[in-house]
Amino acid sequence: MTHTDTEAPAETSPWPALVALCIGFFMILVDTTIVTVATPAIIEDLQAGVNEVVWVTSAYLLAYAVPVLITGRLGDRFGPKNLYLVGLTVFTLASLACGLTSTIEGLIAARVAQGLGASMMTPQTMAVITRIFPIERRGSAMALWGATAGVATLVGPIAGGVLVDTLGWEWIFFVNVPVGIIAFALAWRLVPRLDTNDHRFDWLGVVLSGAGMFLLVFGIQEGEQYDWSTITGPITVWRLIVAGLVVMGVFVWWQARNKREPLVPLSLFGDRNFSVSNLAITTVSFTFTAMGFPLMLWAQLVRGYSPTESGLLLAPMAVTSIVFAPIAGRLTDRLHPRLLTLGGFAGLGVSLLIIVAVLDPDTPLWQLLGAFALMGIGSSFLWGPLATTANRNLAPQRAGAGSGVYNATRQVGAVLGSAAIAVLIDARLAANGLTFSPSEGSASGGALPAQVAGPFTDAMAQSLLLLPVVLALGLVAVMFFERPRHFAARSADPAPVASASR
């Protein structure tokens with residue numbers, strides 16, 4: 001049961017390996033949000049609609065989410081270092097293709113390849129942490145991983161804005177090439193080679209999960225475009241959504257019936273903390289992916305901000321997240337996860353309600369910056385603590401499966417957030433008597449006439465109201481966290497953690 005590589009050798013510090021992995025991890029997560037600030041520029045340059053540009057993100061997230069269930073197992077089978085390096089190579093080459101394309105269809109296709117590369121990389125980072133850090137130090141290690149996830153989500157629009165303004169939207173992808181080369185060299189040098197385990201691969205599970213997710217996301221995101229009715233022939237939006245739900249139901253049934261080695265070992269969810277963390281991170285990822293689209297459109301088309309200025313609106317969020325993430329990491333090894341995550345959800349939800357309440361064509365800048373600062377504090381008590389708590393009780397040989405499931409649910413939240421916000425933006429624009437076309441926006445912003453700015457702002461604020469509702473589900477979920485197993489051992493508590501998976 002015990003692997004020789006469950007922790008790093010005594011004379012070797014595991015921190016350089018983690019830092020090397022986090023560089024690549026940071027890059028792929030930045031690409032989850034960096035497109036949002038470039039949306040008006042891509043719309044204008046490629047003559048695309050809002051929904052088509054949202055697919056640039058959704059295609060990436062979908063290609064990221066579906067394979068991540070099996071790439072964790074592939075890391076266990078062929079070694080997490082090997083699969084990480086292959087994924088990094090695919091991601092870097094696909095980034096080059098994204099920048100070179102001249103059509104929206106080509107960009108979406110290249111983003112699919114990017115997502116496949118990212119899906120190979122992400123589970124390996126969490127699996128390596130679980131295997132090279134002793135359990136009592138995983139909180140601090142996961143704090144760095146969580147801070148990387150949180151900061152990347154926040155920094156993406158800022159970095160994207162600078163690149164769009166100075167070099168053009170293509171450079172939000174070109175910049176990945178030198179970063180990818182550096183990340184490859186560091187991982188090759190610093191990440192240890194770990195023992196491997198033989199796995200049988202549930203290819204039927206891969207097909208079912210992929211088909212179900214695609215049908216759901218396509219149906220939700222394209223619903224408004226087809227007036228929630230017929231797409232072609234007998235194919236309707238609602239039939240696609242229902243078919244997606246049915247296929248996902250069959251997928252869960254197959255996972256329970258497959259006695260060999262299912263894609264998602266349902267026994268993992270016997271650990272309550274793993275289950276709660278997965279539900280909670282879905283709501284967090286949904287929120288951070290969704291909020292960028294309406295906020296960046298408002299900043300550039302109503303306030304007339306440049307992409308750089310729009311991205312800098314989120315600077316307080318990035319700063320407070322960086323400052324508080326190490327604090328959250330230290331507390332994660334000491335305090336009940338319920339305490340930390342309840343505060344995180346409360347801070348994040350309140351900050352969004354403030355933004356919705358104050359959003360106006362003439363909103364004072366300090367009000368928005370204060371709300372974003374609070375959002376950064378809240379997020380720092382969610383990314384790291386949730387990841388740590390999800391994997392704390394898992395045995396080393398289940399690290400790949402556990403990290404794959406956790407990252408898949410995180411990406412499912414992002415996919416659904418991207419799809420849902422596209423629907424809401426279209427619906428609220430229509431409800432406010434507005435339409436949006438490439439000629440109405442530009443990369444420099446300020447194209448909306450004064451009489452349109454008010455209704456447009458109302459539509460963006462109304463679409464953001466979905467996010468506090470989704471976060472409320474996460475807040476309720478984390479109320480059910482149990483004390484982690486090593487807490488009980490440290491305090492000599494004789495009562496076992498009944499729900500911990502073994």
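**Figure 1. Contacts and composition of the whole predicted model.** Of the contacts (heavy atoms within 4.5 Å) between residues at least 6 apart in sequence, 86% join residues at least 24 apart. The model is predicted: local features need pLDDT of at least 70, side-chain atom pairs count only at pLDDT 80 or more, and totals for chains, interfaces and linings use all residues. Residues are numbered from 1 along each chain as its sequence is written, and side-chain values use heavy atoms, with hydrogens and water left out. The protein has 21 helices and two strands, taken as DSSP runs (helices H or I, at least four residues; strands E, at least two) and numbered from the N terminus. Of the 502 residues, 61% are buried (under 20% relative accessible area; exposed is over 50%, partly exposed in between; 1.4 Å probe, protein chains only). About 18,300 Å² is exposed, 68% of it supplied by carbon and sulfur atoms; areas come from the Shrake-Rupley method with a 1.4 Å probe, and for residues only the protein chains shown count as cover.

**Figure 2. Helix H6 and Thr125.** Helix H6 covers residues 104–132, and 22 of its 29 residues are buried. Its end C-alpha atoms are 42 Å apart, in agreement with the expected span of 42 Å (1.5 Å times one less than the number of residues). Thr125 lies in this helix and is buried, at 1% relative accessible area. A polar atom of the Thr125 side chain is 2.7 Å from the backbone oxygen of Thr122. Beyond its neighbours within four places in sequence, Thr125 is in contact with Leu21, Phe25, Tyr84 and Trp145.

**Figure 3. Helix H15 and the helices packed against it.** Helix H15 (residues 337–358) has 22 residues, and its end C-alpha atoms lie 32 Å apart, which agrees with the expected 32 Å. Its buried residues include Pro337, Leu340, Phe345, Leu348, Leu352 and Ile355. The buried residues of H15 pack against helices H12 (272–301), H14 (315–332), H16 (365–380), H17 (383–391), H19 (450–464) and H20 (466–478).

**Figure 4. A nonpolar surface patch with Val250.** Val242, Val246, Val250 and Trp253 form the patch, with about 370 Å² of accessible area together. Val250 belongs to helix H11 (residues 237–257) and counts as partly exposed because its relative accessibility is 35%. In an α-helix with 3.6 residues a turn, residues three or four places apart point the same way.

Conventions. Patch = residues over 30% accessible without salt bridge, like charges linked within 9 Å, V, L, I, M, F, W, Y side chains within 5 Å. Salt bridge = Lys/Arg side-chain N within 4 Å of Asp/Glu carboxyl O. Polar contact = N/O pair within 3.5 Å; in protein donor to acceptor, adjacent residues only side chain to side chain.
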